[in-house]
Every structure is written in C-alpha cells, then in structure tokens.
Amino acid sequence: MNQYTYDGPVMNFGTCISDQWHGTTYAVSEKKARSNLAYQFKKNNNRITGSRITLPGKVKMVNKYDY
C-alpha cells in the first residue's frame with residue numbers, strides 16, 4: 001500500500017464547507033485513497049455517512065511501497 005496526502009478544499013453537495021483541509025491515508029490506489037480521505041473527513045467532522053463529500057483538489061502519493 002502507498003501513502004497518500006490531501007491538502008485542499010472539501011465540498012458537500014457542491015457547497016464548499018472547508019477551504020483548507022489536510023488528511024493522510026494508506027491505500028492501494030488513488031481512487032481508494034480519495035474514498036478513505038472523504039470517510040476520514042466525515043468521521044472527524046461529525047458528518048453522517050450518507051453526506052456526499054468530495055475532494056476537488058489533487059491527492060498526492062507521498063510514499064510508494066513495493067513488496
């Protein structure tokens with residue numbers, strides 16, 4: 001698994017709810033990392049799991065781990 005990081009805005013149903021948010025996660029792909037980061041934001045900010053959180057900025061790979 002690779003380590004990914006996100007620094008940027010967070011959107012909820014098209015409305016910006018945070019101008020700058022930082023999160024990190026480990027995932028097998030960028031798509032899974034984006035999903036993990038959205039879930040992490042929901043949990044840390046007391047959002048229900050059904051809320052549509054999107055991260056419009058870039059998710060960057062910090063460390064690539066080969067096994």
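## A small tour of one predicted chain

Let us begin with a single residue: Arg34 has a relative accessibility of 26%, so it counts as partly exposed. Keep in mind from the start that this is a predicted model. The word "buried" is used for residues under 20% relative accessible area and "exposed" for those over 50%, with "partly exposed" for what falls in between.

### One salt bridge

What does Arg34 form a salt bridge with? Its partner is Glu30, and the closest N and O atoms of the pair are 3.6 Å apart. Side chains of opposite charge can pair when their charged atoms come close. Both residues sit in helix H1, and because they are four residues apart there, about one helical turn separates them. Glu30 is also partly exposed, because its relative accessible area is 39%. The structure holds one salt bridge, so when you find Arg34 and Glu30 in the viewer, you are looking at that pair.

### The whole chain

Now step back and look at the chain from end to end. How many helices and strands does it have? The secondary structure comes to one helix and four strands, and their order along the sequence is β-β-α-β-β. As you read along, you meet strand E1 (2–12), then strand E2 (15–27) and helix H1 (30–44), and after these strand E3 (53–54) and strand E4 (59–63).

The C-alpha trace spans about 40 × 20 × 15 Å along its principal axes. For 67 residues, a compact globule would have a radius of gyration near 11 Å; the chain has 12 Å, so the two agree. Of the 67 residues, 33% are buried. The accessible surface comes to about 4,600 Å², and carbon and sulfur atoms own 50% of that area.

Contacts tell us how distant parts of the sequence meet. Among the contacts with a separation of 6 or more, 54% are between residues 24 or more positions apart.

### Helix H1 and what it packs against

Does the span of H1 agree or disagree with what its residue count suggests? At 1.5 Å a residue, its 15 residues should span 21 Å, and the end C-alpha atoms are 21 Å apart, so the span agrees.

The buried residues of this helix are Ala33, Leu37, Ala38, Phe41 and Lys42. They pack against E1, E2, E3 and E4. Try colouring these five residues in the viewer and look for the strands beside them.

Tyr39 belongs to H1 as well, but it is partly exposed because its relative accessibility is 47%. Its C-alpha atom is 17 Å from that of Thr15, a residue 24 places away along the chain.

### Ile17, a meeting point

Ile17 is found in strand E2 and counts as partly exposed because its relative accessibility is 31%. Which residues does it touch, leaving aside those up to four places away in sequence? The list is Val10, Asn12, Phe41, Arg47 and Ile53. One of these, Phe41, is among the buried residues of H1. As for Ile53, 36 residues separate it from Ile17 along the chain, and their C-alpha atoms are separated by 9.4 Å.

### Loops and a surface patch

Two loop residues have a positive phi although they are not glycines. Phe13, in the loop between E1 and E2, has a phi of about 50°. Asn46, in the loop between H1 and E3, has a phi of about 55°; it follows H1.

Another loop residue is Val28, between E2 and H1. Together with Met1, Tyr26 and Tyr65, Val28 makes a nonpolar surface patch of about 430 Å².

How exposed are these three loop residues? Each one is over the 50% cut-off, as the table shows.

| Residue | Loop | Relative accessible area |
|---|---|---|
| Phe13 | E1 to E2 | 60%, exposed |
| Val28 | E2 to H1 | 65%, exposed |
| Asn46 | H1 to E3 | 74%, exposed |

### Looking back

To sum up, the chain follows the pattern β-β-α-β-β, and the buried residues of its helix pack against E1, E2, E3 and E4. Elsewhere in the helix, Arg34 and Glu30 form a salt bridge. Phe13 and Asn46 are good residues to visit for a positive phi, and Val28 is a good place to find the nonpolar patch.

Technical notes
Residues are numbered from 1 along each chain as its sequence is written. This is a predicted model: local features need pLDDT of at least 70, side-chain atom pairs count only at pLDDT 80 or more; totals for chains, interfaces and linings use all residues. Side-chain values use heavy atoms; hydrogens and water are left out. Patches are made of residues with over 30% relative accessible area and no salt bridge: like charges are joined within 9 Å, nonpolar side chains (Val, Leu, Ile, Met, Phe, Trp, Tyr) within 5 Å. Accessible areas come from the Shrake-Rupley method with a 1.4 Å probe; for residues, only the protein chains shown count as cover. A salt bridge is a side-chain nitrogen of Lys or Arg within 4 Å of a carboxyl oxygen of Asp or Glu. Buried means under 20% relative accessible area, exposed over 50%, partly exposed in between (1.4 Å probe, protein chains only). The expected span of a helix is 1.5 Å times one less than its number of residues. Contact means heavy atoms within 4.5 Å. The radius of gyration is taken over C-alpha atoms; the globule rule is 2.2 Å times the number of residues to the power 0.38.
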